[in-house]
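Visitor: I'm new to reading protein structures. Could you walk me through this one, a bit at a time?

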Amino acid sequence: MKRLIIANWKMNGSIHLIQEFRSLKKIPGTEAIICPPACYLPLFSDTLMKFGAQNCHHANNGAFTGEISALHLKELGCTYVILGHSERRTQFNETDSVVNHKAAKAIEHGLTPIICIGETYAERHENRFEQALLSQIDRSTHGLPRHQYVIAYEPIWSIGTGLVPTSNDIQTVINLIQQRLGTHTPIIYGGSVNDKNAADLSNIPGLNGILVGGASLNVTTFQSIIDAFQA
Ligand SMILES: O=C[C@H](O)COP(=O)(O)O
């Protein structure tokens, strides 16, 4: 499969930035997917870019003020949806069970959920990270077809901090995920990815791509990251 280079703009970006991203070049062996704030999603439908959302609701429709359903996202032309990002888990109390229901609904409507998991700093340093990750995997992916979602490993201590686990440490987590889920589920890494470390990350066996936050807000930097993952 193509390696997924996913831009999570979070609550950033602008109409101007979308215009700049129109110059993004397609690179063999990679698939760039832009996940802007939901209000900008319609602006991507007349571009050649693949795009996705940063969240969805677990119902099709109803009295859920401010929410967006997987059905709406599909209608706009989204192909992916990020679910269970640690910022949503901590800021909006999103549990593994909620993530699981959202992912099931996304799959039902033909979207590919990118299910985020990741350990805290304490869990890593007290050597409890494997247990924490396995628990998130088991609960968030329960009952989902393993080839229809992506797992994004994002250590919470790495997000926006400039700290990146060693390639060996990422490899250990990839092995752990594969022992649990088999090899049909694509695994990507997120956390302080930039144009300096992308080449090293691209060499990690079994890593199917990356989820980029801050460094995805500059088209030149993001293009360099994609280039580093060229087949
Ligand atoms: O979804 C992206 C991650 O939270 C990583 O963010 P970051 O690249 O700014 O560390």
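Visitor: Let's begin with a loop. Where is Asn-127 found?

Guide: Sure, and keep in mind that this is a predicted model. Look for helix H5 (121-125) and then for H6. Asn-127 is found in the loop between H5 and H6.

Visitor: Is Asn-127 buried or exposed?

Guide: Count the other C-beta atoms within 10 Å of Asn-127, and you get 8. A residue with 12 or fewer counts as exposed. So Asn-127 is exposed.

Visitor: What is the phi of Asn-127?

Guide: Most residues other than glycine have a negative phi. Asn-127 is not a glycine, yet its phi is positive. The value is about 55°.

Visitor: Which residue in the loop between strand S1 (3-8) and helix H1 (15-21) also gets a mention for its phi?

Guide: Here, too, we have a residue other than glycine with a positive phi, near 50°. It has 18 C-beta neighbours inside 10 Å, so it counts as partly exposed. The residue in that loop is Lys-10.

Visitor: Back to the helices. How are H4 and H6 oriented to each other?

Guide: The axes of helix H4 (residues 96-108) and helix H6 (residues 129-140) come within 8 Å and cross at roughly 40°. Under 35 degrees would count as roughly parallel, and 65 to 115 as roughly perpendicular. The angle therefore makes H4 and H6 oblique.

Visitor: How many nonpolar, polar and charged residues does the contact of H4 with H6 have?

Guide: From H4 come Asp-96, Ser-97, Val-99, Asn-100 and Ala-103. From H6 come Gln-136, Arg-139 and Ser-140. Sorted by class, that contact has 2 nonpolar, 4 polar and 2 charged residues.

Visitor: And how does H6 sit against H7?

Guide: The axes of H6 and helix H7 (residues 167-181) come within 11 Å, crossing at roughly 40°. That angle is why H6 counts as oblique to H7.

Visitor: Is the crossing of H6 and H7 left-handed or right-handed?

Guide: On the H6 side you'll meet Glu-130, Leu-133, Leu-134 and Ile-137. Facing them in H7 are Val-173, Leu-176, Ile-177, Arg-180 and Leu-181. By class, this contact has 7 nonpolar, no polar and 2 charged residues. As for its handedness, the crossing is right-handed.

Visitor: Ala-132 is in H6 as well. Which residues does Ala-132 touch, leaving out those up to four places away in sequence?

Guide: Ala-132 has 18 other C-beta atoms within 10 Å, so it is partly exposed. Leaving out residues up to four places away in sequence, Ala-132 touches Glu-119 and Glu-123.

Visitor: How far apart are the C-alpha atoms of Leu-71 and Lys-196?

Guide: Start at Leu-71, found in helix H2 (residues 70-76). Among the residues Leu-71 touches is His-109. Lys-196 is 125 residues from Leu-71 along the chain. Their C-alpha atoms are separated by 38 Å.

Visitor: Now the whole chain. What is its radius of gyration?

Guide: There are 9 helices and 8 strands in the chain, and its C-alpha atoms fill a box of roughly 45 × 40 × 30 Å along the principal axes. With 231 residues, a compact globule would have a radius of gyration near 17 Å. The chain agrees with that, at 16 Å.

Visitor: Last one: what percentage of the residues count as buried?

Guide: To be buried, a residue needs 20 or more other C-beta atoms within 10 Å of its own. Of the 231 residues of the chain, the buried share is 40%.

Conventions
Residues are numbered from 1 along each chain as its sequence is written. This is a predicted model: local features need pLDDT of at least 70, side-chain atom pairs count only at pLDDT 80 or more; totals for chains, interfaces and linings use all residues. Axes are lines fitted to C-alpha atoms, for helices over the stretch in contact, and angles run from 0 to 180 degrees between N-to-C directions. Helices (H or I, at least four residues) and strands (E, at least two) are DSSP runs, numbered from the N terminus. Angles under 35 degrees count as roughly parallel, over 145 as roughly antiparallel, 65 to 115 as roughly perpendicular and the rest as oblique. Two residues are in contact if their C-beta atoms, placed from the backbone, lie within 7 Å. Ala, Val, Leu, Ile, Met, Phe, Trp, Tyr, Cys and Pro count as nonpolar, Asp, Glu, Lys and Arg as charged, and the others, Gly among them, as polar. The radius of gyration is taken over C-alpha atoms; the globule rule is 2.2 Å times the number of residues to the power 0.38. A crossing is left-handed if the near helix is turned anticlockwise from the far one by less than a right angle, and right-handed if clockwise.
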